[in-house]
Amino acid sequence: MQVITSPLIHRPLPRSPPVTTHAQTSRAAQILVRPLTVNGLTVPNRIVMAPMTRQFSPGGVPGENVASYYSRRAGAGVGLIVTEGTYVGHDSAGDRDSVPRFHGEEQLAGWAKVADAVHAAGGKIVPQLWHMGMTREAGQPPYADATPVGPSGLRLDGTAGGGKEMTQQDLDDVIDAFVEAAVAAERIGFDGVELHGAHGHLIDQFLWAGTNRRTDAYGGDPVARTKFATEIVAALRQAVSASFPIIFRYSQWKQGAYDARIAETPEQLESILTPLAAAGVDAFHPSTRRYWLPEFDGSDLNLAGWTKKLTGKPTVTVGSVGLDGDFMRGFEGEGAPLKSIDDLLDRLENEEFDLVAIGRALLQDPEWAAKVLEGRTGEVKAYDAAALGSLS
């Protein structure tokens, strides 16, 4: 999840299950403490830290505080860390100097220390590689003078917004930037990479008809709109080791457009995911706001469940795990009470999906995983948005 300020469409939240009782947590440990292998990576359990932009990396350099932030959660039982979104090496990839970058000697040296710290704590870690595309603002140096780029030069609301439609050279340059970041990730000791193809950022702008109006090979029907994403995946697959995992995060919803969809039916979703899997995606991380909601009529499967069913690939479910309340509001100053994960455990046990990403609950409480796995649910903390103010 990337924390970007934008107008949002708020809707009532569905009722959620009651808070988990102490007696039920031994079952949580049995279900969650199982290893999973994704290509050449074996994750020690089913708990993932979701990507959350924190903006504590001046100059784009993750420091000791960032290493401590991630390693503390790994040490408390999180099996896989997905880092906050980190900009690839392209002029218009980002807009904030405090968001980490995944290019540059000093920045990569900082990331190497983060990976080492997480490994020393017993966890695994992948960076989320990110290009904002047309969601970027005027920005701070070194991004202040860059022109936003996208498939059709359109912002999420359909306006031009001072951007430009990407040329073939632009496409090639961005693909190269993702490749260079992935190669660097393997070189400095990360366990894989995640591509950010969700929430209306650049890769997602190609997948969504609302921002992709191209009439060339990169636009048109859902399959054509996957071309840019599949080219990135294929280029990464060729550049890194065959056993180095590539995770692909995608979403139906966009910032400020919760009703947006890249696929209206399971058949459309299959047509989008199939070429990505064939290009080399090892696991999918479908982003939803509430994991318990069914994705399509006629089935209780959520988006991660449908993704696994259609591709056969491992999937990560996410969305308000362990907490009630809308997670976007949580990044705008609203707290959230605890809620049960009993139904989540049922679905995980039934192999609807394979891994579970935790966002705000882990941001608030670094010990969340240990408390759940050890039956100390009475000590789990509700989410307070004040947690956004520091790295703890």
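**Helices, cores and loops: how the terms are earned**

Student: What makes the length of helix H2 agree with expectation?

Tutor: Helix H2 (residues 64-75) has 12 residues and reaches 16 Å from its first C-alpha to its last. The expected span is 1.5 Å times one less than the number of residues. At 1.5 Å a residue, 16 Å is expected for H2, and its reach is close to that. Helices here are DSSP runs of H or I, at least four residues; strands are runs of E, at least two; both are numbered from the N terminus.

Student: Where does this model come from?

Tutor: It is predicted: local features need pLDDT of at least 70, side-chain atom pairs count only at pLDDT 80 or more, and totals for chains, interfaces and linings use all residues. Residues are numbered from 1 along each chain as its sequence is written, and side-chain values use heavy atoms, leaving out hydrogens and water.

Student: Why is Ser-92 called buried?

Tutor: Its relative accessibility is 2%. Buried means under 20% relative accessible area, exposed over 50%, and partly exposed in between, with a 1.4 Å probe and protein chains only. So Ser-92 counts as buried. Ser-92 is in the loop between S4 and H3. Leaving aside neighbours within four places in sequence, its contacts include His-131, Arg-136 and Pro-148. Contact means heavy atoms within 4.5 Å.

Student: Why is Glu-351 called exposed?

Tutor: Its relative accessibility is 53%, so Glu-351 counts as exposed. Glu-351 is in the loop between helix H11 (342-349) and strand S12 (355-358). Its phi is positive, about 60 degrees, although it is not a glycine.

Student: Why is Gln-55 called partly exposed?

Tutor: Its relative accessibility is 29%, so Gln-55 counts as partly exposed. Gln-55 is in the loop between S3 and H2. It has a positive phi of about 60 degrees and is not a glycine.

Student: What makes a positive phi worth noting outside glycine?

Tutor: Most residues other than glycine have a negative phi. Here Gly-77, just after H2, has a positive phi of about 115 degrees. Gly-280 follows H8, and its phi is positive, near 135 degrees.

Student: How do you know that the span of H8 agrees with its residue count?

Tutor: At 1.5 Å a residue, its 14 residues should span 20 Å; the end C-alpha atoms are 20 Å apart, so the two agree.

Student: Which residues of H8 are buried?

Tutor: Pro-266, Leu-269, Ile-272, Leu-273, Leu-276, Ala-277 and Ala-279. The buried residues of H8 pack against several elements, among them helix H7 (227-239), strand S9 (246-254) and H9.

Student: How do H8 and H9 cross?

Tutor: The axes of H8 (residues 266-279) and H9 (residues 303-311) come within 10 Å and cross at roughly 65 degrees. Axes are lines fitted to C-alpha atoms, for helices over the stretch in contact; angles run from 0 to 180 degrees between N-to-C directions. The contact includes Leu-269 and Leu-273 of H8 and Trp-306 and Leu-310 of H9.

Student: What makes a set of residues a nonpolar core?

Tutor: Its members are buried Ala, Val, Leu, Ile, Met, Phe, Trp, Tyr and Cys residues, joined through side-chain atoms within 4.5 Å. The largest such core has 103 residues; Phe-102, Leu-195, Phe-228 and Phe-248 touch the most other members. Helix H4 (residues 168-187) gives the most to this core, with 10 residues. A second, separate core of 15 residues includes Ala-50, Val-126, Val-316 and Leu-355.
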